[in-house]
Structure formats: C-alpha cells, structure tokens
Amino acid sequence: MMALFSGRQLDVGYAATPAWAQAATISKSPSETILALVGVDPGSVGVRQVGTMISFGSVRPGFRLEGMDDLIYGRVWLLPTSIALGLIAYDQDFEIKFWNATTGQITLNSITDSGLLDNCTIAASLPDTLEPNEEFVFTLNVAQEGDLEISGDKIFSYESTSQSLTLTGMRLIILNGEHNWADVFSVLYGFETLVTISKKLHEQRAQVLPEMRRMVTISLLERNPYLRNYLKRALNTVIAIPISSEPILLNMTGSLQGLSSLTAASEVEYYYNLRHLTDIMAIINGTSVEVRQVLSVSGKTISLDKGIVNNWNAEDVICYPLMTGFIEALKFDDYTAEVWKSNLQINEYCYGE
Amino acid sequence: MANSFGGLGSITDMWLREPNWVKNLNEKGVVSRTLLQFFGTSQILYTENPEVPVEVKMMFMNRTKAQEYEFLSFFSTQQGRLKKYWLPEWKNRFKLTRTANSGESFIYVQNRKHAVAFQAYQRIYLLLHTGEWVTRQIASITEIDATEEKINLVTTLDRTISAASVSQSGLFLLVRMAVEKIYVEHETINVSIFSIESRELIREYP
C-alpha cells in the first residue's frame, strides 16, 4: 500500500488482490472532502475526491485487510502542506485545514514562521484544543506588499510535535514611475499569423497567436534611487508597468478603504488596455502601490475583486492598468550625479493558467 | 441619405478613417514575375499574373481615447494578417464628367486611361461632400473619346450624384493587414499616431 498527498488530493495505489465486498457507506470525515473508491480492477484500487466514503474489507474470518480507515485516521492532517504561490500580483487568501484525525484530544500551541514570510499571515487565537475528529480552518493571507521573495515554512506546533506548511513565491515588482512625456509612450500591439502565397497570388493564412501581445516603451526621467534598484532587481524577472496612456482619476471623495467599486472621472469606457488586455490595476499613492484585480468595467464604474486595503483618500490616488512583462534591455543615462534617464522596452509576459 | 455599400459581398469589415496627410501615403505594386537568366545569357521574363495587387501604408492619428479604442477594436477583429477588410485608397482617381442619375448603372468620368488598368474585381467608391459613401462593383470600362470614359457598374445607383457633390472617388480595395504588429505612439494621453500597412487580396474579392 502506498499513499501520496499532493495538495489536497489523496491518491492511493492498492497492491494486493483481495477478495473483498463493498460495505455500507459510512461517514467518518468531518470535512467536506470525503474519499471514495474508484476503479476496482483486481490488483489496483484508485481513490479520488468525490462525495461519499465507502469502506471495504475481507470476508474471510480472522483475516483483516488494511482499510481506508487506517490510512486516514490515527494522525493529524495539515492540508495542504505546501503552496507554490507563483507570482504574487495582489492580495490572496488560501484555506488551510488542520484536522485532528486521532482518537484523542490535541492542543495546537502555535503557528510560527521559519524563513522569508513577510506579510504572509494566518489569523489564529492559540493555543486551542481540538477534540477527536475536529478541524480548524484557517485563512492564510499573502499580501501583495512585502519583501520580494517568499520562501519559508509555517510551522504548526501541537503536543510535542509539529507539521509544516511550505510557501514559495515571488512578489511582482511594480514600476510606479511616471512616464516622461517629453518622449513618446508607445505600445506595440501584435498578433502572429502565418501566410503563404502562391505564384498566382492565392493565399493561405493561419492564426498562430489569437490574443494580442504588447510591447511597451516607457521613458523615465528620475532622481529616485529606489526605482533604479528595483529595475536592476527586476531585470531578470517579471515586472508590472503602468499603461501610462490610460491614467484613471477618480470621481470620488473620502477614503477608499473597503471599497470594491470605483467611479472614474477619466474616459475608462474607452481604455482598451483596461477593458480587454489587463486584469490588474495599480492604485498609486505617492510611492505606495496597491494592486487589485479588475473584474469588470461598465461605463465609468470599475469593479474590483475585493475592497481596497489602504486608507487612502480618493483625491490622493491615481490608478493605471498594469501590464506584466519582462525588460528587454536596461540602460541608464546619467544626466547628473543624481538625475538619470532610462528608456525601457518591456515585452508582455504571457503565462498559462 | 445613408451610405450605400453595394457590391461588397458578405465582407462587412472596413476602415474608413481618413489618413493623416502629414505623412505621405505610400503605395507600391506587388511584383509577381519570374526572370530567367543564366550567367552571360539573355533574359526571359515570365509574367505570373496580369493583375497587380497593391500594398498601401497610411498613417492615422487618434485625437481622442474613443478613436484609439475604435482602432484597437478594429485591429483586434483583424487578428493580425488573418482577416480582410475594405479600404478606400484615398486617391481622387475618377472625376465625374456628367451627373449620374438614380437607377442608372454607369457613370461618365474623365479619360485617364482607366480602361488600361481595369480588372474585373475592382470596386469604385464615391465619397460625397455629405460624408456618405457609395460603392459599386465595376463591370467594365469603355473609352468614349479622348476626354471621357464610361464606367459600367454591376448594380444601379440609388441616388442622383452630380460631379459637384463628389468629394473624392477612387478604388475600394479588399485588403488584409500586411503586418501583424502595430505601434501606437502616444504623444499625449489622448493623442496618438499609428500606421496601417495593407495588402490587396486580388484573389479574394467576392
């Protein structure tokens, strides 16, 4: 018998060839995720997440096969045990389950950090006791703001042992410098098609890339050393830049905190990048940036995935649709010991789901 | 009256914005011939096609975000070089010499030897001073005398058109994008310029 946990899915291979009979359906798990047998070919039995739990055992007296119960019960589960966060563009929440599948009471004493886990938080009031079969469901929040690299463990300590939740990922670097309008801000919109032409000028055309890809050229004239450092750090990774031709000023007053719907003063109904090519938007207040996912744009109303976290006044912020991309080349022209200029060419980074 | 787009078949995509004449409009003919020549010998020229498709390059300016949105939406529907659309050539090629009457299927124009270059797939457009477009397929062109040619149309005109009411008249080209990547250069947030290169599809006229 072997068992493998990958994320929240349990896969089990059963190597014996038992003479077995299906028993009655039972319900032992307190969680919504219950397991069931599928595929009853002799020699192998697969298990996947469905909705009911079926137990099985030998009908031969005095002989007991190891059952599913033995796999699941008698231990404490932390689900999942690792999360690959990928590129973090905005605040994200993840559900973490801590399930006492033993027959005794246990006490979860603490959840501590090990490694680089800036602004990766789990709200919990500990220590707390779990009865047999009881489950805690926590929310892991990974904030968009924080150190660039995330690599570490959340250690769940209970009784005299512990289990770890491993987190790995990278925060998206957001370029919040203003474009220098002394130069042209250009966006290259491109498709890819294949065209073959015969001598008689008949053509066959095929679509290679059905979605537009962009390349942005932005000019920066800055005296800001932190921006220069961020650019160097971002040269070999992914960066998000504002589409400077589509600034969004708000037709609102007061605090934006908690609001998930914004009313624009700008002509956002004609902002093509915002409406069709981008799903994230930067809310910039000075040198601080908050990123939100854009769900829809209807007229001058922009709907966000969830409320704005920062307590910023609407009059103080400017918003831009963001494009994630990689820097094609990085060159600085230093006008003085402090003032520098850079023309950045950034190719859109397209990655799968 | 409204536009009268006749003779265009089922292809409805068209780009009708006037180019920005600050930059020259470029047109070139597409070569389709084979030259046979061995080292030190005479030459033999094989003409592959009597038709000459054109490639045109036009620069346009967006003055508002709405115009920019209009262009990007259009470009998106074309999917690079994949699809096709109608494009006026923006040349004053035909000059009416007589009033064209409603119900007639011909117009008289100044003789500029249009008959020499006539191909059966060609479409004509008349852009009126009212901003309305009239398009028709050309059936044939005959030379009347040294000063006048008669253009026979496949379908009749739906209005009477005097020479003075025509702002411009030229060929209505069926084209695809010749390039699949287009720069939009923003001089300000609202004002931007871009160029479209189009290639005529002489085998795909409906």
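**Exercise 1. Place Leu36(B) in its strand, then describe its surroundings on the surface.**

Step 1. Leu36(B) sits in strand 3 of chain B, residues 33-37. Strands are DSSP runs of E with at least two residues, and helices are runs of H or I with at least four; both are numbered from the N terminus.

Step 2. This is a predicted model: local features need pLDDT of at least 70, side-chain atom pairs count only at pLDDT 80 or more, and totals for chains, interfaces and linings use all residues. Residues are numbered from 1 along each chain as its sequence is written, chains are lettered from A and ligands numbered from 1 in written order, and side-chain values use heavy atoms, without hydrogens and water.

Step 3. The relative accessible area of Leu36(B) is 32%, so Leu36(B) is partly exposed. Buried means under 20%, exposed over 50%, and partly exposed in between (1.4 Å probe, protein chains only).

Step 4. Leu36(B) joins Phe38(B), Ile44(B) and Tyr46(B) in a nonpolar surface patch. Together they have about 390 Å² of accessible area, from the Shrake-Rupley method with a 1.4 Å probe. Patch residues have over 30% relative accessible area and no salt bridge; nonpolar side chains (Val, Leu, Ile, Met, Phe, Trp, Tyr) are joined within 5 Å, like charges within 9 Å.

**Exercise 2. Find what Lys28(B) and Glu55(B) form, and which parts the pair ties together.**

Step 1. The two side chains form a salt bridge, 3.7 Å from N to O. A salt bridge needs a side-chain nitrogen of Lys or Arg within 4 Å of a carboxyl oxygen of Asp or Glu.

Step 2. Lys28(B) is in strand 2 (residues 26-29) and Glu55(B) in strand 5 of chain B, so the bridge ties parts 27 residues apart in sequence.

Step 3. Glu55(B) is buried, at 16% relative accessible area.

Step 4. Val56(B) also lies in strand 5, residues 54-62. Val56(B) is buried too, at 2%.

**Exercise 3. Compare the burial of the partners Asp305(A) and Arg292(A).**

Step 1. Their closest N and O atoms are 3.2 Å apart, in a salt bridge.

Step 2. Asp305(A) is in the loop between strand 23 (301-304) and strand 24 (318-329) of chain A, while Arg292(A) is in strand 22 (residues 288-298). The two are 13 residues apart.

Step 3. Asp305(A) is partly exposed at 26%. Arg292(A) is buried at 0%.
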